[in-house]
Amino acid sequence: MATIKTATRTKKAPETTDVVEDSALNELFLDELKDIYWAEKHLVKALPKMVKAATSNELKGAIETHIAETENHITRLESAFASIDEKAVAVKCEAMAGLLKEADEIVSETEKGTLTRDAGIISAAQKVEHYEIASYGTLRTLALTLGYTEAADLLQATLDEEKNCDSLLTQIAEAGINDTAKTEKE
């Protein structure tokens, strides 16, 4: 791959003939990449709290599996940054910060040991998954537009895992948690 010299660094040129590294779209891509990097780093710290708060062993297992996946998402993001010769930098993601705050509130406002709490945890987790699905889908599309095919492939792999996690959470909710939770008293 050819390199393009800039005043401050050497960058890989994208696999297109257009020079995009100084484009506004490239800047947006980098900003969004930094945002989701922060989000994943904070999510991996928050997920163990959800495991501890959950009642259902199936839900606990799904979240524990997603902790390992999230650690891999962080590694993939670092590889995506490296593939475009950028340093992996996390910039606070206000959306994820809000979603994690909401998850904490759901746990604190529901009774320990209930499937109502599990339904709330699933709700909070799916909101996170939907945010991540939107983010990774957008990032993958931007990467392709900018010619960053290696980054796009890495982002697609994570997008696929996020979609699978969302589907699994729905299955767990529909397999009994929601039905049992509807009979629990306040």
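Mentor: A disulfide is a pair of cysteine sulfur atoms within 2.5 Å. Please keep in mind throughout that the model under discussion is predicted.

Trainee: With that cut-off, how many disulfides does the structure hold?

Mentor: The count of disulfides is 0. Two of the cysteines may still be examined for their surroundings. Cys93 is buried, its relative accessible area being 0%, and Cys165 is likewise buried, at 10%.

Trainee: What is the overall secondary structure of the protein chain?

Mentor: The protein chain has 5 helices and 2 strands. Read from the N terminus, the order of the elements is β-β-α-α-α-α-α. As for burial, 47% of the 186 residues in the protein chain count as buried.

Trainee: How should one read the relation between two helices, and at what angle do the axes of H2 and H5 cross?

Mentor: One considers both the approach of the axes and the angle between their N-to-C directions. The axes of H2 and H5 come within 9 Å and cross at roughly 170°. Angles over 145 degrees count as roughly antiparallel, and H2 is therefore roughly antiparallel to H5.

Trainee: Which classes of residue make up the contact of H2 with H5?

Mentor: The contact of H2 with H5 has 13 nonpolar residues, together with 6 polar and 6 charged ones. A separation between C-alpha atoms may be added to this picture. Thr65 belongs to helix H2, and its C-alpha atom is 9.2 Å from that of Cys165, a residue 100 positions away along the chain. Thr65 is partly exposed, with a relative accessible area of 47%, whereas Cys165 is buried at 10%.

Trainee: Let us turn to aromatic residues. How many aromatic pairs does a search of the whole structure find?

Mentor: The search finds 2 aromatic pairs. In the pair of Phe29 and Tyr148, the ring centres are 5.7 Å apart and the planes stand at 35°, so the pair is tilted. This pair links distant parts of the chain, 119 residues apart: Phe29 is in helix H1 (residues 24-53), while Tyr148 is in the loop between helix H4 (115-146) and helix H5 (149-181).

Trainee: Are Phe29 and Tyr148 buried or exposed?

Mentor: Phe29 is buried, with a relative accessible area of 0%. Tyr148 is buried too, with a value of 5%. The other aromatic pair, Tyr37 with Phe81, is edge-to-face, with 5.6 Å from centre to centre and 70° between the planes. Tyr37 lies in helix H1 and Phe81 in helix H2, so this pair ties together parts that are 44 residues apart in sequence. Both Tyr37 and Phe81 are buried.

Trainee: Where does Ser83 lie, and what does its side chain reach?

Mentor: For a polar side chain, one examines both its accessibility and its partners. Ser83 lies in helix H2, which spans residues 57-83. Its side chain reaches the backbone oxygen of Ala80 at 2.7 Å. Why does Ser83 count as buried? Its relative accessible area is 9%, and the cut-off for burial is under 20%.

Trainee: How should a backbone phi angle be read, and what is the phi of Asp85?

Mentor: Most residues other than glycine have a negative phi. In Asp85, phi is near 55°, a positive value in a residue other than glycine. Asp85 lies in the loop between H2 and H3 and counts as partly exposed, at 31% relative accessibility.

Trainee: Which residues illustrate proximity in space between positions separated in sequence, and how far apart are Glu32 and Thr138 in space?

Mentor: One compares the separation along the chain with the distance from C-alpha to C-alpha. Glu32 and Thr138 are 106 residues apart in sequence and 8.9 Å apart in space by that distance. Glu32 has its place in helix H1 and is partly exposed, with a relative accessible area of 31%. Gly98 offers another case: its C-alpha atom and that of Val128, 30 residues apart along the chain, are separated by 9.9 Å. Gly98 is found in helix H3 (residues 94-109) and is partly exposed, with a relative accessible area of 37%.

Technical notes:
Residues are numbered from 1 along each chain as its sequence is written. This is a predicted model: local features need pLDDT of at least 70, side-chain atom pairs count only at pLDDT 80 or more; totals for chains, interfaces and linings use all residues. Side-chain values use heavy atoms; hydrogens and water are left out. Helices (H or I, at least four residues) and strands (E, at least two) are DSSP runs, numbered from the N terminus. Buried means under 20% relative accessible area, exposed over 50%, partly exposed in between (1.4 Å probe, protein chains only). A polar contact is a pair of N or O atoms within 3.5 Å; within protein, one must be able to donate a hydrogen and the other to accept it, and residues adjacent in sequence count only if both atoms are side-chain atoms. Rings of Phe, Tyr and Trp (its six-membered ring) pair if their centres lie within 6.5 Å; planes under 30 degrees apart count as stacked, over 60 as edge-to-face and the rest as tilted. Axes are lines fitted to C-alpha atoms, for helices over the stretch in contact, and angles run from 0 to 180 degrees between N-to-C directions. Angles under 35 degrees count as roughly parallel, over 145 as roughly antiparallel, 65 to 115 as roughly perpendicular and the rest as oblique. Ala, Val, Leu, Ile, Met, Phe, Trp, Tyr, Cys and Pro count as nonpolar, Asp, Glu, Lys and Arg as charged, and the others, Gly among them, as polar.
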